[in-house]
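Reader: I am new to protein structures. Could you take me through this one, step by step?

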Amino acid sequence: MGAGQGAMVQIPGVRPERKTILIERTLRSGQSLFYDGNVVILGDVNPGAEVTATGDVIVIGTLRGTVHAGAGGDEGALVVAFRLEPTQLRIANHVSRPPEGMTPSGQPEVARIKDGMVIIEALGFRL
């Protein structure tokens with residue numbers, strides 16, 4: 001197929017399309033959100049709030065609550081936040097809690113599964 005004929009191009013590292021919901025507010029303690037797809041939050045996730053998605057979870061703010069990405073078992077799901085300080089972080093069936101006394105890195109971070117463990121690393125740019 002030539003250009004303009006609707007050919008699908010496979011780009012390494014890019015997963016097939018999935019539904020995405022955009023939340024334009026902060027989630028407060030006691031609030032829960034479940035979505036069958038990706039979740040993007042323009043705001044914070046406060047302690048006591050919960051976000052569960054079958055896809056990725058991206059927080060354009062501070063994530064201090066509980067987050068579960070890949071809730072349907074997708075180990076390729078990601079959790080990304082400008083400040084990643086969750087009380088509990090889950091990806092698929094893997095559960096992680098931040099170590100006591102951990103200091104925030106001050107830059108956006110991504111959590112993913114690597115070699116069967118949840119790892120957290122810098123996203124690659126500073127704000």
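Author: What follows is a short set of questions and answers on a sheet and on salt bridges in this predicted model.

Reader: In what order do the strands of the open sheet stand?
Author: Strands of a sheet pair through backbone hydrogen bonds, either parallel or antiparallel. Here the sheet has 5 strands, and the pairing is mixed. The order is β2-β4-β6-β8-β9.

Reader: Which strands stand at the edges?
Author: Look for strands with a single partner strand. One side of such a strand is left without a neighbour in the sheet, because there is just the one partner. The edge strands are β2 (32–35) and β9 (94–96). From one strand to the next, the twist averages 10°.

Reader: How many bridges join β2 to β4?
Author: Strand β4 covers residues 50–53. β2 and β4 run parallel. One of the bridge pairs is S32 with E50 in β4. The number of bridges joining β2 to β4 is 4.

Reader: How many salt bridges does a search of the whole structure find?
Author: Side chains of opposite charge can pair when their charged atoms come close. One pair is R64 with E85. Another is R83 with E85, and R112 pairs with E121. The search finds 3.

Reader: How many residues apart are R64 and E85?
Author: Their closest N and O atoms are 3.1 Å apart. Yet the pair links distant parts of the chain. R64 sits in the loop between β5 (57–63) and β6 (66–69), while E85 sits in the loop between β7 (79–84) and β8 (88–91). Along the chain they are 21 residues apart.

Reader: Why does E85 count as partly exposed?
Author: Buried means under 20% relative accessible area, and exposed means over 50%. E85 falls in between, so it counts as partly exposed. R64 is partly exposed too, at 31%, and R83 is partly exposed at 35%. For E85 the value is 22%.

Reader: What is the N to O distance between E121 and R112?
Author: These two side chains form a salt bridge. E121 is partly exposed, with a relative accessible area of 30%. R112 is partly exposed as well, at 29%. Their closest N and O atoms are 2.9 Å apart.

Reader: Which residues do salt bridges join into one network?
Author: Look for salt bridges that share partners. E85 meets R83 at 2.8 Å, N to O. E85 also pairs with R64. The network is R64, R83 and E85.

Definitions and conventions
Residues are numbered from 1 along each chain as its sequence is written. This is a predicted model: local features need pLDDT of at least 70, side-chain atom pairs count only at pLDDT 80 or more; totals for chains, interfaces and linings use all residues. Side-chain values use heavy atoms; hydrogens and water are left out. Two strands pair if DSSP finds at least two bridges between them. Helices (H or I, at least four residues) and strands (E, at least two) are DSSP runs, numbered from the N terminus. Axes are lines fitted to C-alpha atoms, for helices over the stretch in contact, and angles run from 0 to 180 degrees between N-to-C directions. A salt bridge is a side-chain nitrogen of Lys or Arg within 4 Å of a carboxyl oxygen of Asp or Glu. Buried means under 20% relative accessible area, exposed over 50%, partly exposed in between (1.4 Å probe, protein chains only).
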